[in-house]
Amino acid sequence: MNYSLRLPIHLYQEMLKDLHRIHGVEQAVFGLAGEISSGLDKTFLLRDLYLVPEDQYISHGPSHFEVKEGFVSMVIKGALIDTASIVMAHIHPLSSGDANFSGIDDGYEPKLLQYIQQALPEAHFICMVHHPNGTWAARVYPPDRSRPAPIENLTVMGRPTRNLLPTNSPARNSPMDMVPEVFERQARALGRESYRILRRLKVGIIGLGGTGSVVNQQLAHLGVGTIVQVDPDTIEESNLSRLVGAGSRDLGKPKVDVAKRVAANTAGGTHCIPIPCELDKPEAFTELKTCDVLFCCTDNVSSRRLANRLAVQYQIPLFDLGVSLKSDNGMLRYGNGEFRPVLPGGPCLECMGVIDQDTLIQEVQGLAGTGYLNGEREPAVISFNSLMASLAVTEFLSVFTGFTNYENDRATIHSILEGLIFDASKALDPDCDCQSWQGMGDKLDFPLRQ
Amino acid sequence: MHDLVTIKVGSKTVKISRIATGAEIRAAGGYGSEGTLYRVVPGKKTANEPIADDQRVECKNGDHFIVVIPAVGGNEEDLNGLPPSLREDMITLREIFGSVTIMTCPADVSNYDAFYLITIEAYPIPPGKGWNMSNAPVSFLVPRKYGSAHLNGFYIPEELTCNGQHGAYAGKVMLNGVPKIRYCWNPSPGTETTLAARSAVSFAEMIGQRFELGVGQ
């Protein structure tokens, strides 16, 4: 089994701040984690923190900590309520070299594990050690074993998203990838590490129409390792004016087949997984939940809502984009391009008020139709779509390669008729349903259709 | 029979007398004597109810009990990363002064990356010189280029005074977020004190001489 842990950046920063609260003193932080399982890969999703108040330490000093049973019982209760796994992180302020587990840790973790497993037989116990030099060691005790396994990747999800690569990770010994000539100029702009980062990403695109086909093409040119292409539709004549890579010989073919052909024809050697169905079908869901990032390029609210739920529940960064045009007798009366990032810990599309419930019920009731709102074909122009697709891909590059200087995750509306850009950012809504989904992973049923 | 209730202990569902002791509940769940028994109280981040082994409690159907031990972690201090001479001196310091710690220098010291911070937890203060404590934690910086660079100055708690005052060449500073009084040493070049200031052990001993002098030096 290969283990990874995702840490949303707001929780990671809070954890780090608490571990460093008193210089030179060992401190501990607990957390709860959901999980994603897929074949031999298991990824834990940190979803909640328990910071240890000073009065909950029996004692702590430069080379030890001891947290009261009462506090530990509260963490176990939280894990019982969420059916979550337990995370325990602490700092070794005195050790030389990099972060590593000590003999004391080796001795006490299995003891605490026994009590965790007696209350939570299915839970994993994830242990992390931090060193003031910034390094981490991480390991996990699976429910059926008393010996720990290394956690290979610790990924901080945010802007920028980065892999902390624990000191005990076998992946640490992997050779560095050389940047091939084809990506040399790109690496000059995005950094040499960008090639390796993009190469290892698995990106899901939901909707391979006007915007999704452009996103697909750009990701393949950038050298993204794997693209999961999900769309149930086949190509109609009216698609040909804007579907990248499609020609008249493709009429009637699944859109995902053309997307695969386009991506395969780029020099990056992107691996494609085309899935011609809706995202709430098991075959699409199984691939999408293991993606590192999602692009939502659909033209309807129901799939946008599901993509949002998937992103929040599995802590996958989501870039939602769309173009909405209205015309009257051949005159464009309304034209907006919309872009919204949904990053772990930030507001979701429901917090932002994007999921219109009236439209949702209309769509759900008329789901057997064409998928076009009210059965009418809306206007569409390739350059408008490409504008928003390029913006979304650039934001994706910002989050994953960290080449930009700004930190806020802005949602924007581009008024095509007025040539103006508006900030459409919204704050996280603490009463939003997303608070109960976030980071739950497989521990919460996803609304799949059979 | 009506006095039996169904409860959960750990992950086991068991029947137990409505009134039971902590030890009985613990035993019903297969727990040994180690750790503390808690009744799980509703609320994700609320405290649970501790129950002593000899405490009689009324159990209700559906109650959930768990046994927990403290969470312990630690780190054998690893002196291997230190320069060899400093490593040996740390051992000697502990032989002389008992509890002595060494850590990376806190960031409220200028150029903190150039130093370690050694703290003698209970430095003996000579009696009869007017100091208001018999021992106190004393810290000093050790250059990472130990052996070729001098040690200089030491930190004492703000509340440690001599005849109600701090000495000459002493000033208030922050160390690791805590106010301290820093005493300068400034050994004269070519003297014995210069040589002594090259070793953490002899420097620590020199601090005692400073306490012997009281204030005014």
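**Figure 1. Lining of the second largest pocket, whose residues comprise 12 nonpolar, 13 polar and 11 charged.** In this predicted model, the second largest pocket encloses about 1,100 Å³ of space. Its lining is made up of 36 residues, and those that lie nearest the centre of the pocket are Asn153(A), Thr155(A), Asn163(A), Arg200(A) and Asp292(A). Several secondary-structure elements of chain A each supply at least two residues of this lining, among them strand 1 (2-8), strand 2 (28-38) and strand 3 (41-51). Strand 9 (149-157) and strand 10 (162-163) also contribute at least two residues each, and so do helix 5 (193-199) and helix 11 (382-401) of chain A.

**Figure 2. The loop that holds Leu164(A) and Leu165(A).** Leu164(A) has its place in the loop between strand 10 and helix 4 (184-190) of chain A, and Leu165(A) is found in the loop between strand 10 and helix 4 as well. When neighbours within four places in sequence are left aside, the residues in contact with Leu164(A) are Leu7(A), Tyr12(A), Trp136(A), Leu154(A), Val156(A) and Arg172(A). Between Leu164(A) and Glu152(A), which are 12 residues apart along the chain, the C-alpha atoms are separated by 9.6 Å. For Leu165(A) the backbone is the point of interest, since phi is near 45°, a positive value in a residue other than glycine. Most residues other than glycine have a negative phi.

**Figure 3. The cis peptide bond between Arg159(A) and Pro160(A).** The bond that joins Arg159(A) and Pro160(A) is cis, with omega at about 0°. Pro160(A) is placed in the loop between strand 9 and strand 10 of chain A, and these two strands are among the elements that each supply at least two residues of the lining of the second largest pocket. Most peptide bonds are trans.

**Figure 4. A salt bridge within helix 5 of chain A.** Arg196(A) forms a salt bridge with Glu193(A), and the closest N and O atoms of the pair are 2.2 Å apart. The two residues are separated by about one helical turn because Arg196(A) and Glu193(A) are three residues apart in helix 5 of chain A. Side chains of opposite charge can pair when their charged atoms come close. Over all chains, a search of the whole structure finds 33 salt bridges.

**Figure 5. The interface of chain B and chain A.** The contact takes 46 residues from chain A and 40 residues from chain B. Together the two chains bury about 3,500 Å² between them, with 58% of that area on carbon and sulfur atoms. The size of an interface is often given as the accessible area lost when the parts come together. Four salt bridges are found across the interface of chain B and chain A, and Lys44(B) forms a salt bridge with Asp82(A), for which the closest N and O atoms are 2.7 Å apart. Across this interface there are also 21 residue pairs in polar contact, both residues being at pLDDT 80 or more. On the side of chain B that touches chain A, the elements giving two or more residues are strand 4 (36-39), strand 7 (64-68), strand 8 (71-74) and strand 9 (100-104) of chain B. The residues of that side of chain B divide into 17 nonpolar, 17 polar and six charged.

**Figure 6. The largest cavity and its lining.** The count comes to one cavity of 30 Å³ or more, and the largest cavity has a volume of about 40 Å³. The residues that line the largest cavity are Leu208(A), Ser213(A), Asn216(A), Leu243(A), Val244(A), Lys255(A), Val258(A) and Ala259(A). Two or more residues of this lining come from each of helix 6 (212-222) and helix 7 (255-264) of chain A, and helix 7 of chain A gives the largest share, three residues. By residue class, the lining of the largest cavity divides into five nonpolar, two polar and one charged.

Terms used. Residues are numbered from 1 along each chain as its sequence is written. Chains are lettered from A and ligands numbered from 1 in the order in which they are written. This is a predicted model: local features need pLDDT of at least 70, side-chain atom pairs count only at pLDDT 80 or more; totals for chains, interfaces and linings use all residues. Side-chain values use heavy atoms; hydrogens and water are left out. On a 1 Å grid over the protein atoms alone, a cavity is a set of points where a 1.4 Å probe fits but cannot get out, and a pocket is an open set with protein on both sides within 12 Å along at least five of seven lines; lining residues have an atom within 4 Å of a point. Grid points are joined across faces, edges and corners, and a volume is the space filled by probe spheres set on the points. Helices (H or I, at least four residues) and strands (E, at least two) are DSSP runs, numbered from the N terminus. Ala, Val, Leu, Ile, Met, Phe, Trp, Tyr, Cys and Pro count as nonpolar, Asp, Glu, Lys and Arg as charged, and the others, Gly among them, as polar. Contact means heavy atoms within 4.5 Å. Buried area is the accessible area (1.4 Å probe) that two parts lose on being put together, summed over both. A salt bridge is a side-chain nitrogen of Lys or Arg within 4 Å of a carboxyl oxygen of Asp or Glu. A polar contact is a pair of N or O atoms within 3.5 Å; within protein, one must be able to donate a hydrogen and the other to accept it, and residues adjacent in sequence count only if both atoms are side-chain atoms.
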